[in-house]
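Student: I'd like to learn how to read the contact between two chains. Can you walk me through one?

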Number of protein chains: 2
Amino acid sequence: LLTGLDNIQIFSIGEGDTPLIRSQQIGPSLGLPNLYFKLESLNPTGSYKDRFGALAISGLVNSGARYCLATSSGNTGASLAAYAAVAGLPCHVVVVDGAPLGKLRQMQVYGAKLWMVKDFGLDARVTQETFDGLRDLATSLDTTVQISAYAYSPFGMQGVQTLAYEIAEVLPEVQHVFVPAGGGGLTLAVAKGFEIWSSVERNFDRPKVHCVQPEGNDTIASSMRNGAMKAQAIANSRTKISGLQVPGVIDGDQVLKMAKTQGGHGFIVEDQEVFQWQRKLAVKEGIFCEPAGAVAMAGLVQAMHLEEIDKNEIIVCLITGHGFKDPDAADRMTMQNHIQYIDNINGLKRTLDE
Amino acid sequence: LLTGLDNIQIFSIGEGDTPLIRSQQIGPSLGLPNLYFKLESLNPTGSYKDRFGALAISGLVNSGARYCLATSSGNTGASLAAYAAVAGLPCHVVVVDGAPLGKLRQMQVYGAKLWMVKDFGLDARVTQETFDGLRDLATSLDTTVQISAYAYSPFGMQGVQTLAYEIAEVLPEVQHVFVPAGGGGLTLAVAKGFEIWSSVERNFDRPKVHCVQPEGNDTIASSMRNGAMKAQAIANSRTKISGLQVPGVIDGDQVLKMAKTQGGHGFIVEDQEVFQWQRKLAVKEGIFCEPAGAVAMAGLVQAMHLEEIDKNEIIVCLITGHGFKDPDAADRMTMQNHIQYIDNINGLKRTLDE
């Protein structure tokens, strides 16, 4: 189901085969008896990007590259850093000016070298010059810049298709999969995966793969809803959902093309809804995810409001990354949950006796 | 292989079935071709305690308990909080006075209520009164205090035995398993698990289960090494390794008894060695673990120095918890890895051209 892997050494650190668990509280409370969560948060570096990182780095090593070069201020960078570490490949990551240091720390843990370029990500000219310069540098070093999108790194993105294979194998009757989208690479990978699976397993009916975006980064979802064939770049992303701030089209047009044949819909959600579902996933399901990991769930609720799903259908929401990734989110989620300071255990006893 | 589970609803959020991966750099560099890591860090809340939490909470619900009561300032509390959340059981955790708020945050994320008792954990009398008071409170509420040790919660600890079953199934030729120990519950669970497995699978030869402790909390390891049958409580734990600061005997005597028949050894390691291996696991294997997760690896190196293993033997080190758990450790691991601030991509180019 994957191509071009013959005779390649694959560097693996335990990615994939993540749990697919049935909702125990949220689904029943919404009247959805067949709601499942795919816990991509339990990948080695805490996000689905490890499916990409494993193949991207293995491909680089196989091609004789001596470096991994990347631009990322988040999960892709952390994943590439980890796989570069195990492959013994020096990893250099160019990060946007002013990127929060807490999110960069994980890349540094794995030994990646970080380069913060003045005005990169802030000034359009500098941003373009940086991308161009990095691509030229990569070419001169006989390597390629790794970006988790089909538009840039199709070989690595094949790894993400395994997500669909796993769902299809464990839950072949699946009817809907809700996927968060920034540039659309994940949505495209999941849709492609189901297409390939259905070409091999003739009895398998492809589920609808839905694309959910925060309204501050609606590059694909509205186009999909309107039946348009072109994604729309925006000047600046306005969402606060880390990882989904991708103003460019990237894989968007391909997502729209795929949806046309497979029947997926676009859904637009508000950041506040996403944060609320992030909290509910923790306190009702014991699932601690990063904000982007709650976007699919928020999209499903939109679909219910729009009456675009039947309550008995079999639904999977992708939980794309772990809550550990975003310490600020944990602070926000627990703002109302104060520690009680007591002199002795009677303080607790009085509360429980009430 | 587990008992007392008939007709019990088991609350699961994806615990267990963690990856067992072969070392790609550290093993070969030490001349150990058959070194494996069991990534317990990839459990839902980031540690092996989820194997305990799942059964402990399921047992409570089955017994009709209306509360989960616990004392923990770390991984056990986070795990109980997550499973109590999905089971709809209010979770109250009594924490030691002055416990770092960052480590408590994860319990709060899942909605657990935290109670910090003045001088608990600091003053011996208050500590004992708090334990006694909590136990009495639990009894009056028809529940039991959940502590991840056979001495207190044997039903829940059965879940931890599944760790051994998984290793035995995937790697039946395993000869050594290195386990970090505080109160010894994990070591005992793994040893019991292999014993039970070997009683069912007659061709299975039990591996030696080794107990590794930081020298600042050597309650079991030296006794094991000396062939003594009694663990030794210490007045105060002096190790900085979070999770292994357990001055009491707890399951220690049972560990020694088990080692006598199974042949496991005790190993004592220094905190600094542990921190070094934590860093090497990240930059050489792409494994980001909390300090306690690197203790087994440090113990294996001790065993090599003592010439107590053969280089071709088949060895598993348990990686017990994720590095995300301990933000301070990530800060320490990256102290030498500075971000480079550059004006344009030429700054990176010059470095790579050198």
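Tutor: Sure, we'll go through the pairing of the chains, then their contact, then the strands and salt bridges.

Tutor: First, some housekeeping: this is a predicted model, where local features need pLDDT of at least 70, side-chain atom pairs count only at pLDDT 80 or more, and totals for chains, interfaces and linings use all residues. Residues are numbered from 1 along each chain as its sequence is written, chains are lettered from A and ligands numbered from 1 in the order in which they are written, and side-chain values use heavy atoms, with hydrogens and water left out.

Student: What rotation superposes chain A on chain B?

Tutor: Copies get superposed by least squares on the C-alpha atoms of residues with pLDDT of at least 70 in both. Here a rotation of 180 degrees, with 0.0 Å of shift along its axis, does the job at an RMSD of 0.0 Å. The two copies are thus related as by a two-fold rotation axis.

Student: How many residues does each chain bring to the contact?

Tutor: Contact means heavy atoms within 4.5 Å. Chain A gives 71 residues and chain B gives 71 residues. The copies meet through the same surface, because 100% of the interface residues of chain A are also interface residues in chain B.

Student: And how much area do chain A and chain B bury between them?

Tutor: Buried area is the accessible area (1.4 Å probe) that two parts lose on being put together, summed over both. For this pair that's about 6000 Å², with 65% of it on carbon and sulfur atoms. Trp115(A), Phe324(A) and Leu352(A) supply 12% of what chain A buries against chain B, more than any other three residues.

Student: Which strand of chain B joins strand S5 of chain A?

Tutor: Strands are DSSP runs of E, at least two residues, and helices are runs of H or I, at least four, numbered from the N terminus; two strands pair if DSSP finds at least two bridges between them. S5 (residues 113-117) of chain A runs parallel to S11 (residues 340-342) of chain B, with three bridges joining them. Trp115(A) has Gln340(B) as its bridge partner, and Val117(A) has Ile342(B). The open sheet of five strands reads S6(A)-S3(A)-S4(A)-S5(A)-S11(B), with parallel pairing.

Student: How many salt bridges are there between chain A and chain B?

Tutor: A salt bridge puts a side-chain nitrogen of Lys or Arg within 4 Å of a carboxyl oxygen of Asp or Glu. The count between the chains is two, and Asp331(A) forms one with Arg105(B), the closest N and O atoms being 2.3 Å apart. Over all chains, the structure holds 26.
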